[in-house]
Amino acid sequence: MDDATTRRLLDRERRRAERQRLLASGPPSPCVSICRLDDKTGLCVGCLRNIDEIRDWMIMLPAERQEILRLIDERRQSVDVSGSTP
C-alpha cells in the first residue's frame, strides 16, 4: 500500500471513530422500528421524524439531536386522538 492510500484509510478510520464517539455521546435514536412515512405529513409513523432527520441522525451533533427530540415532542402533542396531525 502506498502512503496516500494509507493516509486515506487512516483518515477514514479517524472520521468513523469520531462519528461513533459523537453518536454515543448524544441521545439515542427515537426509532421504534415502525418505519413508514405518512404520505400526508411526510413524517415516520413510528418516530415522527421526517426523512432528512432520519437520514442525518447519525451525523448530527448531540445538540442537534436534542433539538429533533424537542420537535418530536411538539409533533406528538399535536397529534389528535385519531392518530392524524391537524
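## A tour of the model, from helix H3 to the H1–H2 loop

Begin at arginine 70, which is partly exposed because its relative accessibility is 37%; the label covers values between buried (under 20% relative accessible area) and exposed (over 50%), with a 1.4 Å probe and protein chains only. The model is predicted, with local features needing pLDDT of at least 70 and side-chain atom pairs counted only at pLDDT 80 or more, while totals for chains, interfaces and linings use all residues. For selections, residues are numbered from 1 along each chain as its sequence is written, and side-chain values use heavy atoms, leaving out hydrogens and water.

**Salt bridges**

Keep arginine 70 selected and add glutamate 67: their side chains form a salt bridge, 2.5 Å from N to O. The term stands for a side-chain nitrogen of Lys or Arg within 4 Å of a carboxyl oxygen of Asp or Glu. Glutamate 67 is partly exposed, at 35% relative accessibility. The two residues are three apart in helix H3, so about one helical turn separates them. Helices here are DSSP runs of H or I with at least four residues, strands are runs of E with at least two, and both are numbered from the N terminus.

Next, select arginine 75 and glutamate 53. Their salt bridge has its closest N and O atoms 2.8 Å apart. This pair links distant parts of the chain, with arginine 75 in helix H3 (residues 62–78) and glutamate 53 in helix H2, 22 residues apart. Arginine 75 counts as buried at 17% relative accessibility, and glutamate 53 is buried with a relative accessible area of 7%.

Move to helix H1 and select arginine 15 with aspartate 11. The closest N and O atoms of this salt bridge are 2.6 Å apart. Because they are four residues apart in helix H1, the partners are separated by about one helical turn. Both are partly exposed: arginine 15 at 37% relative accessibility and aspartate 11 at 28%. Add Arg14 to the selection to see a network of salt bridges that links Asp11, Arg14 and Arg15. Over the whole structure, a search finds ten salt bridges.

**Leucine 22**

Stay in helix H1 and select leucine 22. At 19% relative accessibility, this residue counts as buried. Which residues does leucine 22 touch, not counting those up to four places away in sequence? They are Leu61, Pro62 and Arg65, where contact means heavy atoms within 4.5 Å. Draw a C-alpha to C-alpha distance from leucine 22 to proline 62: the two are 6.8 Å apart in space and 40 residues apart in sequence.

**The nonpolar core**

Select Leu48, Trp57, Met60, Ile68 and Ile72 together; these five residues make up the largest nonpolar core. Such a core is a set of buried Ala, Val, Leu, Ile, Met, Phe, Trp, Tyr and Cys residues joined through side-chain atoms within 4.5 Å. In soluble globular proteins, nonpolar side chains tend to be buried together.

Within the core, centre on isoleucine 72. Apart from neighbours within four places in sequence, its contacts are Pro30, Cys47, Leu48 and Arg49. Then centre on leucine 48, which is in the loop between H1 and H2. Leucine 48 is buried, at 13% relative accessibility, and has a positive phi of about 65° although it is not a glycine.

**Two cysteines**

Show the sulfur atoms of cysteine 44 and cysteine 47. How many disulfides does a search of the whole structure find? The count is zero, a disulfide being a pair of cysteine sulfur atoms within 2.5 Å. For cysteine 44, the nearest cysteine sulfur is that of cysteine 47, 3.9 Å away. That distance is too far for a bond. Cysteine 44 is buried with a relative accessible area of 4%, and cysteine 47 is also buried, with a relative accessible area of 4%.

**The loop surface**

Finish in the loop between H1 and H2 with serine 33. Its phi is near 60°, a positive value in a residue other than glycine. Serine 33 counts as exposed, at 64% relative accessibility.

Last, select Val32, Ile34 and Val45, which form a nonpolar patch on the surface with about 230 Å² of accessible area together. Patch residues have over 30% relative accessible area and no salt bridge; like charges are joined within 9 Å and nonpolar side chains (Val, Leu, Ile, Met, Phe, Trp, Tyr) within 5 Å. The areas come from the Shrake-Rupley method with a 1.4 Å probe, and for residues only the protein chains shown count as cover. Valine 45 lies in the loop between helix H1 (3–25) and helix H2 (51–56) and is partly exposed, at 34% relative accessibility.
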